[in-house]
Amino acid sequence: MEASQGWTPTPSMLLQRMDHTATLLRTGQVLVVGGQSSSSAELYDPKGVRWLPGGSLGAARRRHSATLLNNGKVLVAGGDSGASSTGTAELYDPTAGTWVATGNLDSLRSGHTATLLSSGKVLVVGGENGASAGLASAQLYDPATGTWSATGALRRARVGHTATLLGNGRVMVTGGRVGPRGSFVNDVELYEPSTGLWTLAAGMLGVRSGHSATRLLSGKVLVAGGFIDELMASRTSELFDPGTGTWTSVAQGLPGERAQHTATLLHSGEVLVSGGTDGNSPYLQSAAIFDPALVRWSVTSSMSTSRLGHTATLLPQGDVFVAGGSAEGTQGASSAERFSVPTPPWRPTAVMSSARYHHSVTLLDSGKVLVAGGTSTGGSGLSGAELYDEHLVTWTQTGSLVAPRFLHGAAELPSGNVLVAGGQASSSSYLSSAEVYDLATGQWSSTGALAGARSRHTTTLLESGQVLVTGGRMSSSFSSILATAELYDPPSGTWRTTGAMNVRRVNHTATMLLSGQVLVVGGTTPTGDTATAELYNMHTGQWTQTGSMSGTRYGHIAVALPGGKVLVAGGWGLGGALATAEIYDPAQGGWTTVAPMTSSRYGALASVLSSGRVLVLGGDAGAGTGLLSTTEVFDPALGQWTSAGTMSNALSSGTVTRLAISGRLLVAGGLGTSGALSSAELYTPAL
């Protein structure tokens, strides 16, 4: 653990709150709602380190649920006002800063769980009815219609349970009590969204209520602490493996007994638990961290005050924001503090010798990373190239390009050498030349030229060892956008024309499929932006049209997922920068819309992590927001996005590479808010 970790105070809330909710909005602010019979809400601004008014709800609430929907709004449902439970629900619109009613639950309900499903609907389960009885019923909220409907009921009523979305899309409900004063249970039920039915799964190793359940990045679920009877809390924890459907005890216990605590999954994949009660002394000040790689708990620094009924929220910067809760001997607390994580995901590394953007990046067989060309002004190209050494954490200059260039393409050849082709020497000079970097000598030499000048094209290494170049533009004129494609043959160092695309495109993407075909998607045409897609067959040299996206986009990201599907997200479309995302299925030749990113992003960067998840970073959110430093990860199993921390610099038009040795991602250069960047950062993926 690093010495920099620990808790630091931040401004207190406007009101004392206990049993409230805290929801991270897409703006990066935290919406705090209700608590202690309050109908007010407030917003914590991490950047400005201040609190702002969040409006008033239609009903006072505590022990309610708050769920961030895929449209960016927040659904607040149920809760109690002290005397009775409410069955109402409300929506908060961050754009307008307003609250509106959105239908009623089937009954009065508090202490329930609310889970965002892969479909975008919200599953509300269990809780109590305000008359000292537990609930077995479950409800579904549909954001598209703003209505509630009944779904399958639990096999037994539950209060103090947990609900966790698994990687297969099912929801796992664990433990709890049969009612507010009912028996403690260890049984587990699984909800299947496609049928709306529940089935029993293997029970936990012990009874628990008021415990935590955290889905780890491995897909396993960590269940920790909780009450085992009216007065006694547990220090045990266990892991559920959805693949085998079995529970395994964590050999090492929590540092102390703990229940009704918070559990926060950090960007590192570790879990921070804080506060709660040990069952004897009412409130805890302590905190602990679970390391999934070592399967062990360790003590970390304690909060400034004891807390029960508090909230803990992971901020985009990687800090954990804790607010409110009842400090021992008081009714409630307004204080807040932040925990600096021991292993932040983003860290700066050595700086390049030249600031650059619109450059190329290539991971070499040696494990080093080659960065070449680019521009520092947008008006003229750079000829310099440099190598990043992960072992030495250094950049060293290598041979200069024969011709300065930016917006070119690059590909590692089967020999290990690197081809760069086309691009621009200046804002008005478009290039047809190509050159090859010799790995052995560190020098560049000219090779055969393209049939014509082209910039902003795609460059793809085929299974045959040839390199496919598609589209782009020959000049700044829209009429110069190309449909042509060429193949580079490394042994002869020559280019030949292959079949032309059906659509002339620039700012499109090209992605290699498992079949060996290349999927080209979107872009701008001479007559406007396009949603079309087409496939290149390297055996026939011909293009065939395939299903179109749901909308036009260019400057988007496209990455091949494990299993062969392709994720496309962001870009520029109708209305400006896009947050929308969709997945192409080669087997069906069609697209499926998935949850949107938390931010609109044009010109973002993306890379597939070793876990199969996709990291998307930076980009331009458009007027009013501009360049982004935020990053997020898409989980194909869940179809959902989560924050991946914040980079040191907001940027677009940089490069990202997954390093061969550590699996870390290297982000180098880019266009920042003040111009070209020479900085580089490392992202450490969580286990």
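This passage describes the sheets, aromatic pairs, backbone outliers and voids of a predicted model.

A good place to start is the sheet that runs in the order β22-β23-β24-β25, an open arrangement of four strands with antiparallel pairing. The edges are taken by β22 (262-265) and β25 (296-300); each has a single partner strand, so one side of each is left without a neighbour in the sheet. On average, and with direction ignored, neighbouring strands of this sheet are turned by 25° against each other. Inside the sheet, β23 (residues 271-274) and β24 (residues 287-291) are joined in the antiparallel sense over four bridges. One of the residue pairs here is that of Ser-274, whose bridge partner in β24 is Ala-287.

The loop between β24 and β25 holds Val-295. Although Val-295 is not a glycine, its phi is positive, at about 50°. Its relative accessible area is 37%, and because values from 20% to 50% fall in the class between buried and exposed, Val-295 is partly exposed. A further valine invites the reader's attention in the loop between β4 (38-45) and β5 (50-61), where Val-49 is found. Val-49 likewise has a positive phi, near 50°, in a residue other than glycine. With 38% relative accessibility, Val-49 is also counted as partly exposed.

A second open sheet of four strands follows the order β30-β31-β32-β33, and its pairing is antiparallel. Here β30 and β33 (394-398) are the edge strands; each of them has a single partner strand, so one side of each is left without a neighbour in the sheet. The average turn between neighbouring strands of this sheet, direction ignored, is 25°. Five bridges connect β32 (residues 385-389) with β33 in the antiparallel sense, and across this pairing Glu-386 stands opposite Gln-397 in β33.

Strand β16 offers a view of a more enclosed setting. Four of the five residues of β16 (residues 188-192) are buried, so the strand is largely enclosed by the rest of the structure. β16 pairs with β15 (residues 171-174) in the antiparallel sense over four bridges, and with β17 (residues 197-201), again antiparallel, over five bridges. Tyr-191 of β16 takes part in both pairings: Val-171 stands opposite Tyr-191, and in β17 the bridge partner of Tyr-191 is Trp-198. The hairpin of β16 and β17 has four residues between the strands, and in this hairpin Gly-196 adopts a positive phi near 75°.

Aromatic contacts come next, with 18 aromatic pairs in the structure. Among them, Phe-290 and Trp-297 form a tilted pair, with 5.1 Å from centre to centre and 55° between the planes. Both rings belong to buried residues: Phe-290 has 1% relative accessibility, and Trp-297 has a relative accessible area of 4%. The rings of Tyr-536 and Trp-543 are likewise a tilted pair, because their centres lie 5.0 Å apart and their planes meet at 50°. Tyr-536 is buried at 1% relative accessibility, and Trp-543 is buried with a relative accessible area of 7%. Elsewhere, ring pairs link Tyr-44, Trp-51 and Phe-321 into a cluster.

Finally, the voids. The structure holds one cavity of 30 Å³ or more, and the largest cavity has a volume of about 40 Å³. Its lining consists of Asn-649, Leu-651, Val-667, Ala-668, Gly-669, Leu-677, Ser-679, Ala-680 and Glu-681. Two strands, β59 (665-668) and β62 (680-683), each supply at least two residues of this lining. By class, the lining of the largest cavity comprises five nonpolar, three polar and one charged residues.

The second largest pocket has a volume of about 2,200 Å³. It is lined by 48 residues, of which Val-361, Thr-459, Ala-510, Ala-558 and Ala-606 are the closest to its centre. Two or more lining residues come from each of β30 (360-363), β34 (409-412), β38 (458-461), β42 (509-512), β48 (557-560), β54 (605-608) and β58 (655-658). The residues of this lining divide into 21 nonpolar, 23 polar and four charged. Strand β30 thus ties two parts of this description together, because it stands at an edge of the second sheet described above and also gives residues to the lining of the pocket.

How values were computed
Residues are numbered from 1 along each chain as its sequence is written. This is a predicted model: local features need pLDDT of at least 70, side-chain atom pairs count only at pLDDT 80 or more; totals for chains, interfaces and linings use all residues. Side-chain values use heavy atoms; hydrogens and water are left out. On a 1 Å grid over the protein atoms alone, a cavity is a set of points where a 1.4 Å probe fits but cannot get out, and a pocket is an open set with protein on both sides within 12 Å along at least five of seven lines; lining residues have an atom within 4 Å of a point. Grid points are joined across faces, edges and corners, and a volume is the space filled by probe spheres set on the points. Ala, Val, Leu, Ile, Met, Phe, Trp, Tyr, Cys and Pro count as nonpolar, Asp, Glu, Lys and Arg as charged, and the others, Gly among them, as polar. Two strands pair if DSSP finds at least two bridges between them. Axes are lines fitted to C-alpha atoms, for helices over the stretch in contact, and angles run from 0 to 180 degrees between N-to-C directions. Buried means under 20% relative accessible area, exposed over 50%, partly exposed in between (1.4 Å probe, protein chains only). Rings of Phe, Tyr and Trp (its six-membered ring) pair if their centres lie within 6.5 Å; planes under 30 degrees apart count as stacked, over 60 as edge-to-face and the rest as tilted.
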